[in-house]
Amino acid sequence: MDFEEEFELEHLLFKERRCRSCGIKKDLSTDFYKIRKGRPTVSSYSYECKECTIRRVSNARKNDSRRWEYPDW
């Protein structure tokens, strides 16, 4: 059994990642936000897919009871 036969370049370069919220495997470069734009590594991508991030942020904004009002002096 040859070591080079066991591993291919695709095993080292991640192309898919499982979303931590919905649990679905998705394409890393198109379905996840890049959180560290200056770094080319795989760890610069988020662990939550774009759809789940949008859903989480919009739900948090809808349910925000701390809406700003002008102070009554």
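## A guided tour of the model

Start with the whole chain in cartoon view: the protein has four helices and four strands. This is a predicted model, so please read every value below as computed from it. Trace the cartoon from the N terminus and you will pass the elements in the order α-α-β-β-α-β-β-α.

**Stop 1: the surface**

Switch on a surface for the protein. Its accessible area is about 6900 Å², and carbon and sulfur atoms account for 52% of that. Of the 73 residues, 16% are buried. While the whole chain is in view, here is one number on its contacts: taking those between residues at least 6 apart in sequence, 27% join residues at least 24 apart.

Now select Tyr 33, Ile 35 and Ile 54, which together make a nonpolar surface patch of about 300 Å². Ile 54 belongs to helix H4, a helix you will meet again at the next stop.

**Stop 2: the salt bridges**

Hide the surface and show side chains. How many salt bridges does the structure hold? There are two. In general, side chains of opposite charge can pair when their charged atoms come close.

For one of them, select Lys 26 and Glu 51: their side chains form a salt bridge with an N to O distance of 2.7 Å. Here distant parts of the chain are linked, since Lys 26 sits in strand E2 (residues 25-27) and Glu 51 in helix H4 (residues 50-62), 25 residues apart. Is each partner buried or exposed? Lys 26 has a relative accessible area of 16% and is buried, because buried means under 20%. Glu 51, at 40% relative accessibility, is partly exposed.

Keep Lys 26 selected and expand to its contacts. Setting aside neighbours within four places in sequence, you should find Lys 15, Glu 16, Arg 17, Asp 31, Phe 32, Cys 49 and Glu 51. The salt-bridge partner Glu 51 is on that list, and so is Cys 49, a residue for the last stop.

Next, select Arg 56 and Glu 48. These two also form a salt bridge, and their closest N and O atoms are 3.1 Å apart. Arg 56 is partly exposed, with 45% relative accessible area, whereas Glu 48 is buried at 5%.

**Stop 3: strands E3 and E4**

Select residues 45-49, which is strand E4. The strand is mostly covered, with four of its five residues buried. Add strand E3, residues 32-34: E3 and E4 run antiparallel and are joined by two bridges.

Zoom in on Lys 34, which lies in strand E3. Which residue of E4 is its bridge partner? That partner is Tyr 45. Draw a distance between the two C-alpha atoms and you should read 4.3 Å, although Lys 34 and Tyr 45 are 11 residues apart in sequence. Lys 34 is partly exposed, at 33% relative accessible area.

If you are looking along the strands, one general point helps: in a regular strand the side chains alternate between the two faces of the sheet.

**Stop 4: the cysteines**

Finish by selecting the cysteines and displaying their sulfur atoms. How many disulfides does a search of the whole structure find? It finds zero.

Centre on Cys 19, which is in no disulfide: its nearest cysteine sulfur belongs to Cys 22 and is 3.6 Å away. Cys 49 is in no disulfide either, and the nearest cysteine sulfur, on Cys 52, is 3.4 Å away. Why does neither pair count? A disulfide needs the two sulfur atoms within 2.5 Å, and the distances here are 3.6 Å for Cys 19 and 3.4 Å for Cys 49.

Before you leave, colour by accessibility. Cys 19 is buried, with a relative accessibility of 2%, and Cys 49 is buried too, at 0%. Cys 49 also brings the tour back to an earlier stop, as it is in contact with Lys 26, the residue of strand E2 whose side chain meets that of Glu 51 in a salt bridge.

Note on methods. Residues are numbered from 1 along each chain as its sequence is written. This is a predicted model: local features need pLDDT of at least 70, side-chain atom pairs count only at pLDDT 80 or more; totals for chains, interfaces and linings use all residues. Side-chain values use heavy atoms; hydrogens and water are left out. A salt bridge is a side-chain nitrogen of Lys or Arg within 4 Å of a carboxyl oxygen of Asp or Glu. Buried means under 20% relative accessible area, exposed over 50%, partly exposed in between (1.4 Å probe, protein chains only). Contact means heavy atoms within 4.5 Å. Accessible areas come from the Shrake-Rupley method with a 1.4 Å probe; for residues, only the protein chains shown count as cover. Two strands pair if DSSP finds at least two bridges between them. Patches are made of residues with over 30% relative accessible area and no salt bridge: like charges are joined within 9 Å, nonpolar side chains (Val, Leu, Ile, Met, Phe, Trp, Tyr) within 5 Å.
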